[in-house]
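Student: I would like to go through this model with you, from the whole chain to single residues. May I put my questions one at a time?

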Amino acid sequence: MAQINDDYLKLSGSYLFADIAHKVSAYREKHPETELIRLGIGDVTRPLPPSVIRALHKAVDEQATAEGFRGYGPEQGYRFLREAIAEGDFAPRGVAVDPDDIFVSDGAKCDLGNFQELFGRENVVAVTDPVYPVYVDSNVMGGRAGTPAENGGWSGIEYLPCTAENGFVPALPLKRPDVIYLCLPNNPTGTTLKRAELQRWVDYARANQCLILFDAAYEAYIREDGIPHSIYELEGAEEVAVEFRSFSKPAGFTGLRCGYVVVPETVKARAADGRMMPLKPLWNRRQTTKYNGCPYIVQRAAEAVYSPEGRREVRDNVDYYMKNAATIRDGLRAAGLDVYGGVNAPYIWLKTPGGMDSWRFFEVLLEGLGIVGTPGVGFGPNGEGYFRLTAFGSQENTQKAMRRIAEAGHWSSWEK
Ligand code: MLT
């Protein structure tokens, strides 16, 4: 009889966003007349940029010719895209990334979930709290999380609280972890760290031989100066950090699927016999064994994002969503709520009114106003009492949602 990986049995029944989708469809069945506004999962709503569509068409047509047809591609990604990434995402910020250190994939979620396979079960993992659930759930699957704790966390994971009280700036760990996940700009809080604040983390990782897994999926949304777009802008980061990026949020690839990881040759971890080994060959071994590469046509589409028109179109999309972020911030503030994020990120994080718990507020918004959001506690124990709205809806729906909130009156009237 096959034996199950019991670590899977420790996980809650479903992934956060699957759980929410299930609750929303149950509500919809009961109330088909309600026009729902979905500001829950961070899925984009704008169509793909025209230059991306043109590149896709061209690449599809190439597949109809003997000369243009492509079978299996390089698992690491085609050279043309790896070079475009190094030139387009890093060189302008004064960062030299070797295209050979870039691994193209079908998205950051998969890469972030898979990367933990390179680490032994004994590694101690630290996460900011609240946190993108993939980091924690994938480490539960990998046997590194211990047992469920009473507050909804895990006994084996080190949680670094990010709350209004500390301005969403996590304190350095009290106990030295082996692996630290950082997501900046942050999902879910929509807040970020300034250069000096992030440098402290890089310095800490270097001094304590930790590895930083840096999720930069939302860097295109940074508006303010003094906030690093890549961890490699910081001194010494190429020794201790792996960076994850995505085409989903800037360029609308949530359905098309493309992302990448930078694993610098210089990033190392310890083997059981004490040798320091570079992670890059291990990730290469993992990818070449288990992954057949992002489709050629999708990589051509991603390449188009770096053309002058592609850049303009992506900027327009980002501007569009950031206008929604401002609409949400203003609308919630006018309703008397405490609001965070949404300045350098497409997520708005709010304090639930009157000490309501996150899931109760989810119900109040869904059942009272027909608005779908994400309960903060779904992102970790320190998300309790908070709630997330995304700026990725249409402008029309975002404005409508804020009108519904305004019409509901001041938050104090929502408590009952
Ligand atoms: C989110 O809503 O947190 C994200 O869209 C999920 C994801 O990117 O996987």
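The questions and answers below go from the whole chain to two helices and one proline.

Tutor: Please note that this is a predicted model, in which local features need pLDDT of at least 70, side-chain atom pairs count only at pLDDT 80 or more, and totals for chains, interfaces and linings use all residues. Residues are numbered from 1 along each chain as its sequence is written, and side-chain values use heavy atoms, with hydrogens and water left out.

Student: What is the radius of gyration of the protein chain, and how does it compare with the globule rule?

Tutor: The chain has 14 helices and 15 strands, where helices (H or I, at least four residues) and strands (E, at least two) are DSSP runs numbered from the N terminus. The globule rule is 2.2 Å times the number of residues to the power 0.38, and the radius is taken over C-alpha atoms. For 416 residues the rule gives 22 Å and the chain is close to that, so it is as compact as a globular protein of that length, with a radius of gyration of 22 Å.

Student: What percentage of the 416 residues counts as buried?

Tutor: Buried means under 20% relative accessible area, exposed over 50%, and partly exposed in between (1.4 Å probe, protein chains only). By that criterion, the buried share of the 416 residues is 55%.

Student: How many residues of helix α4 are buried?

Tutor: Helix α4 comprises residues 79–90. Among its buried residues are Phe80, Leu81, Arg82 and Asp89, and their cover includes β2, β7, β8, α11 and α12. The helix is mostly covered, and of its 12 residues the number buried is nine.

Student: Which residue just after α14 takes a positive phi?

Tutor: Helix α14 spans residues 395–407. Its buried residues, including Thr398, Met402 and Ile405, pack against β1, α12, α13, β13 and β15. Just after this helix, a positive phi of about 90° is taken by Gly409.

Student: Is Pro375 buried or exposed?

Tutor: Pro375 lies in strand β14, residues 374–375. Beyond its neighbours within four places in sequence, Pro375 is in contact (heavy atoms within 4.5 Å) with Ile20, Ser358, Trp359, Phe362, Tyr386 and Phe387. With a relative accessible area of 0%, Pro375 is buried.

Student: What separates the C-alpha atoms of Pro375 and Leu16?

Tutor: Along the chain, Pro375 and Leu16 are 359 residues apart. In space, their C-alpha atoms are separated by 9.4 Å.

Methods. The expected span of a helix is 1.5 Å times one less than its number of residues.
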